[in-house]
Amino acid sequence: MRLPLALLGAFAVTTAAVPADLPPPDKLPAHPEMPNPLVMRDGTKVSTKADWEAKRRPELKELFEHYMYGRFPAKPEKVTAKVLFEDPKALGGKGTLREVELTFGPPHWPKLYLLVAVPNGKTPAPCLVGPNFHGNHAATAHEKVRIPTAWVPGSGPGVAKGTNAATADGRGKQADTWSLEYAVGRGYAVATFYCGDLQPDRPTVREGMRATLPERPGGSPGDETATIAWWAWGVGRAVDHLLTDRGIDGKRLAVVGHSRLGKTALLAGAFDDRIAVVIPHQSGCGGAGPSRSKNDKAETVARITKAFPHWFCGHFTAFGPDPARLPFDQNGLVAVCAPRPVLMTNAEDDQWANPGGQFDVLRAAAPAYELYGVKKPVVADAMPESGKLSAERLGYFIRPGKHSMTPADWTVFLDYCDAWLK
Ligand code: GTR
């Protein structure tokens, strides 16, 4: 059942109803190890694909909504698109670049601006879609690309000191991060949007999509839709549009995101079955990294909920002192993606994102894939060697270097997509 939360004119954001009997975090039993995704709350183990799909998978999704990301908003009734510009000879003549304004609510709601690069002469093309940190204008120097008017992080390219306003100085400064020209050269479309247009990345202000929810007396309830869930929902709106774009093959969509947006990519993939391949890049805690971390250099639930309380719902903060009480770990979220391919990509110097813990998560998600008859979802018991892509259905990659999304990472994303989408 889906319940309306905000009724504004003809539009409503609805979110899933969560069973009333879910105990508060401190009343949950502790599981020191990552829980088996196939074991139901009542202790029964599902052993068929039918029971997984009808019982355990929906239960897991509800648990993730209630205790971690907040209620996942439903699809809006309608998404309208207005093309802001189109250049058929962009990206060194290899691609068509367009920017589309997506509206899905009344005029005062945020809009999503989707930058779409499509390879010329190779359509309908598979497409990687994902949110960006600083604005579409940073992903390409193309002068027609819109500069965000919403709040942007002060650390972004072309943002003057002491301001949170994007400027034309940022144009193309993160072209490598999105590698649009390279991707179209390999026959892939790429679609990206600035996450802050939907939900600015700051904790204290009630703005963006969050402001469309009714204020509740006593503050936000523990399961209110949090920032990462709004970003992931935005990926779904981009997908709504991409499915109407004749240049794009809607059956071959991959979601990609870096770091906090990698957490977003995993959640988006888990909650939107239209996405065929899921690539959380260096996503760490709250993404593909385990909440029950055994790596003392990695980010913990306590640290992340203190620094970024708005990324998760209120209940998640309560698990900081004792993550063993979580009724799931991130292997459960990967399991929700089954049988679709998931690739975790990492860097050796980025221990904060817990590359080793992510490999454990990958392995602990395998039982759900096995229900679909996938024989060896993960390549091996040990982490693949550095620089070598393991392109299994539960794929893994680690390279030398640090926390960043680089052209070399795009080579790996697209090699993996070649294996699963070509
Ligand atoms: C860090 C945060 C990480 C990661 C990263 C990023 O400060 O601790 O969880 O999300 O930011 O998004 O770049």
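How do the residues of the shell around the ligand divide into nonpolar, polar and charged, and how many are there of each? The legends below take up this question and then move along the chain.

**View 1. The residues around the ligand.** The shell divides into five nonpolar, two polar and three charged residues, where Ala, Val, Leu, Ile, Met, Phe, Trp, Tyr, Cys and Pro count as nonpolar, Asp, Glu, Lys and Arg as charged, and the others, Gly among them, as polar. This is a predicted model, in which local features need pLDDT of at least 70 and side-chain atom pairs count only at pLDDT 80 or more, while totals for chains, interfaces and linings use all residues. Residues are numbered from 1 along each chain as its sequence is written, and side-chain values use heavy atoms, with hydrogens and water left out. The residues around the ligand (a heavy atom within 4 Å of it) are Phe133, Ser259, Arg260, Lys263, Glu299, Ile304, Phe308, Trp311, Trp352 and His403.

**View 2. Polar contacts to the ligand.** In polar contacts (pairs of N or O atoms within 3.5 Å), a polar side-chain atom lies 2.5 Å from a ligand oxygen atom in the case of Arg260, 2.8 Å in the case of Ser259 and 2.9 Å in the case of Trp352. The protein covers 80% of the 320 Å² of accessible area that the ligand has on its own, an area that comes from the Shrake-Rupley method with a 1.4 Å probe.

**View 3. The bend in helix α1.** Helix α1, residues 49–69, is a DSSP run (H or I, at least four residues; strands are E, at least two), numbered from the N terminus. Its end C-alpha atoms are only 26 Å apart, whereas a straight helix of 21 residues would reach 30 Å, the expected span being 1.5 Å times one less than the number of residues. The helix bends by about 35° at Arg56, with Pro58 following within four residues; the bend is the angle between axes fitted to the seven residues ending there and the seven starting there. Just after α1, Gly70 takes a positive phi of about 85°.

**View 4. Two cis peptide bonds and a positive phi.** Most residues other than glycine have a negative phi, and most peptide bonds are trans. A cis bond with omega of about -5° joins Thr123 and Pro124, the latter in the loop between β5 (112–119) and β6 (125–132). The bond from Ala338 to Pro339 is also cis, with omega near 5°. Ser179, in the loop between α2 (175–178) and α3 (180–185), has a positive phi of about 45° although it is not a glycine.

How values were computed
Polar contact = N/O pair within 3.5 Å; in protein donor to acceptor, adjacent residues only side chain to side chain.
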